[in-house]
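Colleague: Got a minute to go through this one with me? I'd like the overall picture before the details.

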Amino acid sequence: MEWGQVITIIFGVAGFMGIFMFLINKRIDTLETALNKRLDTIEKRIDKLEDDIREMRQLLYRALGEPSSKK
């Protein structure tokens, strides 16, 4: 094999790997964006649940009276 062929093969493989890595990185970025959106949604839902639980606790305290601390 001549040097020209070796260099062509090396550049061909390097080009293929470069394109492959570019596509993988693009896919990872897309997944990261989607995951961040889902996590933000979940965080908002958890915050709403915490507020609802806090409100229910206050309503129960009003209805049943404050809990007495017994030891």
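Colleague: What radius of gyration does the protein chain have, and what would a compact globule of 71 residues have?

Modeller: Keep in mind that this is a predicted model. The protein chain has a radius of gyration of 30 Å. A compact globule of 71 residues would come in near 11 Å.

Colleague: What box do the C-alpha atoms fill?

Modeller: Roughly 90 × 25 × 5 Å, taken along the principal axes.

Colleague: How many helices and strands are there?

Modeller: One helix and zero strands. The helix is α1, and it covers residues 3-64.

Colleague: Can you put a distance on that? Take I53 and L31: how far apart are they in sequence and in space?

Modeller: They are 22 residues apart in sequence. In space, their C-alpha atoms are 33 Å apart. I53 lies in helix α1.

Colleague: Why does I53 count as partly exposed?

Modeller: Because its relative accessible area is 49%, and partly exposed runs from 20% to 50%.

Colleague: Now burial. What share of the residues counts as buried?

Modeller: 0% of the 71 residues. Buried would need under 20% relative accessible area.

Colleague: And the accessible surface, how much is there and what share belongs to carbon and sulfur?

Modeller: The protein chain has about 7200 Å² of accessible surface. Carbon and sulfur atoms account for 64% of that.

Colleague: Which residues form the nonpolar patch on the surface?

Modeller: M1, I9, V13, F16, M17, F20, M21, I24 and I28. Together they have about 930 Å² of accessible area.

Colleague: Pick I24 from that group. Where does it lie?

Modeller: In helix α1. I24 is partly exposed, at 34% relative accessible area. That fits the patch, because patch residues need over 30%.

Colleague: Switching to charges. How many positive and negative ones are there?

Modeller: There are 12 positive and 11 negative charges in the protein chain. The mean positions of the two sets are 8 Å apart.

Colleague: Which residues form the negative surface patch?

Modeller: D40, E43, D47 and E50. D40 is found in helix α1. At 44% relative accessibility, D40 is partly exposed.

Colleague: How many salt bridges does the count come to?

Modeller: Two. Side chains of opposite charge can pair when their charged atoms come close. One bridge joins D52 and K48, and the other joins D51 and R54.

Colleague: D52 and K48 first. How far apart are the closest N and O atoms?

Modeller: 3.3 Å. That counts as a salt bridge because the cut-off is within 4 Å. Both residues lie in helix α1, four residues apart, which is about one turn of the helix. D52 is partly exposed, with 29% relative accessibility.

Colleague: And how far apart are the closest N and O atoms of D51 and R54?

Modeller: 3.0 Å. D51 and R54 are three residues apart in helix α1, again about one turn.

Colleague: Are D51 and R54 buried, partly exposed or exposed?

Modeller: D51 is partly exposed, at 45% relative accessibility. R54 is partly exposed too, at 40%.

Key:
Residues numbered from 1 in each chain as written. Predicted model: local features only at pLDDT ≥ 70, side-chain atom pairs only at ≥ 80, totals over all residues. Heavy atoms only, no water. Patch = residues over 30% accessible without salt bridge, like charges linked within 9 Å, V, L, I, M, F, W, Y side chains within 5 Å. Areas by Shrake-Rupley, 256 points an atom, 1.4 Å probe, with all protein chains shown as cover. Salt bridge = Lys/Arg side-chain N within 4 Å of Asp/Glu carboxyl O. Helix = DSSP H or I, 4+ residues; strand = E, 2+ residues; numbered from the N terminus. Buried < 20%, exposed > 50% of the residue type's maximum accessible area, 1.4 Å probe, protein only. Rg over C-alpha atoms; globule rule 2.2 N^0.38 Å. Lys, Arg positive; Asp, Glu negative; His and termini not counted. Charge placed at Lys NZ, Arg CZ, Asp CG, Glu CD.
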